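Biologist: Hey, I've just opened this one and I'm new to it. Can you walk me through it?

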Amino acid sequence: MNTTLSEQQSLQLRRLLETGLPLTSRPFQALAEQIDASEQQVLDQVRHWQEQGLFRRVGLVVNHRALGFAANAMLVLDVPDALVDEVGRRLGQAPGISLCYQRPRRLPQWQYNLFCMIQGRQRDRVEAQVQALLEEHWLSDLPHQLLFSTHLFKQCGGRYAIPAGVAIDG
């Protein structure tokens, strides 16, 4: 039995993976069925791509609002550059912080360089959680804002495979 995917199957698999794994107990088997391949062929191809460095991890996009988390906020802080790595590491490991990253300041309009995402069910609880977090890490005196989400946009991973039916100029 052939253990490698054809070029067409490989392209189809890339397109399917970009839309996300099927929500089933055997997602790679479901993908294999869609491209007329075996589950082992799909797993071998994914492993090969990972070894090539085409992707490092498989992520998950959670619909927080569907789970009842409607008070989602971004805590933005102006952390001195010499401390931003250490503060970011500490906050990134803190309970309740789902995402923590550094971005360049955009002076004079935007002074903040550290961003922390917090999901919560109730706005007042998120505010209290953030206040406790700032006090615990001795950050209350730093300039900061708590920005609550007002609109939910669709989230998805990157798209790199050329969609079916699109011609390539070149």
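Modeller: Sure, let's start with the overall layout and then look at the details. Keep in mind that this is a predicted model.

Biologist: Okay, how many helices and strands does the chain have?

Modeller: There are 5 helices and 4 strands. Starting at the N terminus, the order is α-α-α-β-α-β-β-α-β.

Biologist: And what share of the residues is buried?

Modeller: Of the 170 residues in the chain, 30% are buried. The chain exposes about 12,000 Å², and carbon and sulfur atoms supply 52% of that.

Biologist: What about contacts between residues far apart in sequence?

Modeller: Counting contacts with a separation of 6 or more, 64% are between residues 24 or more positions apart.

Biologist: Let's go to the helices. How do helix 2 and helix 3 pack?

Modeller: Helix 2 covers residues 27-34 and helix 3 covers residues 39-52; their axes are 8 Å apart, at an angle of about 105 degrees. Angles of 65 to 115 degrees count as roughly perpendicular, so helix 2 is roughly perpendicular to helix 3.

Biologist: Which residues meet there?

Modeller: From helix 2 you have Phe28, Gln29 and Ala32, and they meet Glu39, Val42, Leu43 and Val46 in helix 3. By type, the residues of this contact are 5 nonpolar, 1 polar and 1 charged.

Biologist: How do helix 1 and helix 3 cross?

Modeller: Helix 1, residues 7-19, crosses helix 3 at roughly 75 degrees, and the axes come within 11 Å. That makes this pair roughly perpendicular. Helix 1 brings Ser10, Leu13, Arg14 and Leu17, while helix 3 brings Val42, Gln45, Val46 and Trp49. Here the split is 5 nonpolar, 2 polar and 1 charged.

Biologist: Now Leu31. Where does it lie, and is it buried or exposed?

Modeller: Leu31 lies in helix 2. Its relative accessible area is 1%, and buried means under 20%, so Leu31 is buried.

Biologist: What does Leu31 touch?

Modeller: Not counting residues up to four places away in sequence, Leu31 touches Leu13, Leu16, Leu17, Leu21 and Pro22. As for Leu43, its C-alpha is 9.9 Å from that of Leu31, with their positions 12 residues apart in sequence.

Biologist: Switching topic: which residues touch the most other members in the largest nonpolar core?

Modeller: That core has 20 residues, and Leu75, Leu77, Val79, Leu91, Leu114 and Val126 touch the most other members. Strand 1 (73-77), helix 4 (84-93), strand 3 (114-118) and helix 5 (123-136) each give two or more residues to this core. Helix 5 has the largest share, 4 residues. There's also a second, separate core of 10 residues, including Leu13, Ala32, Ala37 and Val46.

Biologist: Back to Val79, what is it in contact with?

Modeller: Leaving aside neighbours within four places in sequence, Val79 is in contact with Val84, Val87, Arg105, Asn113, Leu114 and Leu142.

Biologist: Anything to note about the backbone?

Modeller: The peptide bond from Leu107 to Pro108 is cis, with omega near 5 degrees. Pro108 sits in the loop between strand 2 (97-102) and strand 3.

Biologist: Which residue in the loop between helix 2 and helix 3 should I look at?

Modeller: Try Asp36, which is in that loop. Asp36 has a positive phi of about 55 degrees although it is not a glycine. Asp36 is also exposed, at 68% relative accessible area.

Biologist: And Trp138, buried or exposed?

Modeller: Trp138 counts as exposed, at 79% relative accessibility. Trp138 is in the loop between helix 5 and strand 4 (144-148), and it has a positive phi of about 55 degrees although it is not a glycine.

Technical notes:
Residues are numbered from 1 along each chain as its sequence is written. This is a predicted model: local features need pLDDT of at least 70, side-chain atom pairs count only at pLDDT 80 or more; totals for chains, interfaces and linings use all residues. Side-chain values use heavy atoms; hydrogens and water are left out. Axes are lines fitted to C-alpha atoms, for helices over the stretch in contact, and angles run from 0 to 180 degrees between N-to-C directions. Angles under 35 degrees count as roughly parallel, over 145 as roughly antiparallel, 65 to 115 as roughly perpendicular and the rest as oblique. Contact means heavy atoms within 4.5 Å. Ala, Val, Leu, Ile, Met, Phe, Trp, Tyr, Cys and Pro count as nonpolar, Asp, Glu, Lys and Arg as charged, and the others, Gly among them, as polar. Buried means under 20% relative accessible area, exposed over 50%, partly exposed in between (1.4 Å probe, protein chains only). Accessible areas come from the Shrake-Rupley method with a 1.4 Å probe; for residues, only the protein chains shown count as cover. A nonpolar core is a set of buried Ala, Val, Leu, Ile, Met, Phe, Trp, Tyr and Cys residues joined through side-chain atoms within 4.5 Å.
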